[in-house]
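Reader: Please pick one part of this model and look at it closely, then set it against the rest of the chain. State the cut-off behind each term when it first comes up.

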Amino acid sequence: AFYVSLCMTSIGSDATPFILQGLPMSQKLIEQGYYLPVLRIIGNVTSMMFKQRKVLLNEPSFIQLIHSVANADSNTASLKDRLTWSTPSPLIVRRLSALITTQLHRCAKSQSDVELILVFWLEALFSIPVWIRESCILYLLNGICIAIFGNDHLEKVILEHLLDQYQL
């Protein structure tokens with residue numbers, strides 16, 4: 001019912017209702033272990049709210065939601081696998097990476113749209129505390145870098161964001 005409510009009503013199409021009503025619903029789904037529906041919700045909601053990104057990115061519970069989905073597989077992996085990614089990437093983080101890549105390639109109608117989507121995801125991932133130590137976040141950043149490889153302008157955007165983070 002939460003999934004239908006978020007995807008089929010105005011809650012999932014505007015940032016304010018999503019923050020007030022949608023994030024608590026999504027957190028309840030996460031608590032019950034329903035990561036794939038939350039991943040779909042993130043895909044549907046973020047693709048409509050790239051222009052309202054500051055509202056979402058300033059909301060700690062949204063960043064926590066992204067972090068929870070990215071870390072969904074870490075509970076089942078052994079310590080060695082989590083530290084080395086010696087096994088193929090787990091199911092949820094791989095799907096999140098594919099979602100981001102798809103948004104970069106398919107949702108954008110122009111170069112400025114691609115940059116808007118790229119900046120949204122970079123800011124979301126860099127907002128996660130100690131992102132540099134999270135192998136799942138590094139995996140997502142690697143997927144983003146692969147997706148935009150060959151586009152000099154977008155490579156510079158990533159480089160600028162990484163340098164900003166390094167200087168912090």
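A loop residue and its surroundings

Author: Gln52 lies in the loop between α3 (35–48) and α4 (53–57). Helices here are DSSP runs of H or I with at least four residues, strands are runs of E with at least two, and both are numbered from the N terminus. The model is predicted, so local features need pLDDT of at least 70 and side-chain atom pairs count only at pLDDT 80 or more, while totals for chains, interfaces and linings use all residues. Residues are numbered from 1 along each chain as its sequence is written, and side-chain values use heavy atoms, with hydrogens and water left out.

With a relative accessible area of 30%, Gln52 is partly exposed; buried means under 20%, exposed means over 50%, and partly exposed lies in between, for a 1.4 Å probe and protein chains only. Leaving aside residues up to four places away in sequence, Gln52 touches Asp14 and Ala15, where contact means heavy atoms within 4.5 Å. Thr16 is 36 residues from Gln52 in sequence, and their C-alpha atoms are 9.7 Å apart in space.

Ala15 and Thr16 belong to helix α2 (residues 15–31), which packs with helix α5 (residues 60–70) at an angle of about 25 degrees, the axes being 10 Å apart. α2 is therefore roughly parallel to α5; angles under 35 degrees count as roughly parallel, over 145 as roughly antiparallel, 65 to 115 as roughly perpendicular, and the rest as oblique. The axes are lines fitted to C-alpha atoms, for helices over the stretch in contact, and angles between N-to-C directions run from 0 to 180 degrees. α2 and α5 cross in a left-handed sense: the near helix is turned anticlockwise from the far one by less than a right angle, and clockwise would make it right-handed. From α2 the contact takes Phe18, Leu23, Ser26, Gln27 and Ile30, and from α5 it takes Ser61, Phe62, Gln64, Leu65, Ser68 and Val69. By class, that contact has 6 nonpolar, 5 polar and no charged residues, with Ala, Val, Leu, Ile, Met, Phe, Trp, Tyr, Cys and Pro counted as nonpolar, Asp, Glu, Lys and Arg as charged, and the others, Gly among them, as polar.

A second helix pair can be described in the same terms. The axes of helix α7 (residues 91–107) and helix α8 (residues 111–126) come within 8 Å and cross at roughly 155 degrees. That angle makes α7 roughly antiparallel to α8, and the crossing is right-handed. Leu96, Leu99, Ile100, Gln103, Leu104 and Cys107 of α7 meet Val114, Ile117, Leu118 and Trp121 of α8. The class count for α7 with α8 is 9 nonpolar, 1 polar and no charged residues.

After α8, Val130 sits in the loop between α8 and α9 (135–148). Its phi is near 45 degrees, a positive value in a residue other than glycine. Val130 is partly exposed, with a relative accessible area of 48%. In α9, Cys136 is buried at 3% relative accessible area, and Cys145 is partly exposed at 34%. There are 0 disulfides, a disulfide being a pair of cysteine sulfur atoms within 2.5 Å.

As for the rest of the protein chain, there are 10 helices and 0 strands. Buried residues make up 44% of its 168 residues. Of its contacts with a separation of 6 or more, 67% come from residues 24 or more positions apart.
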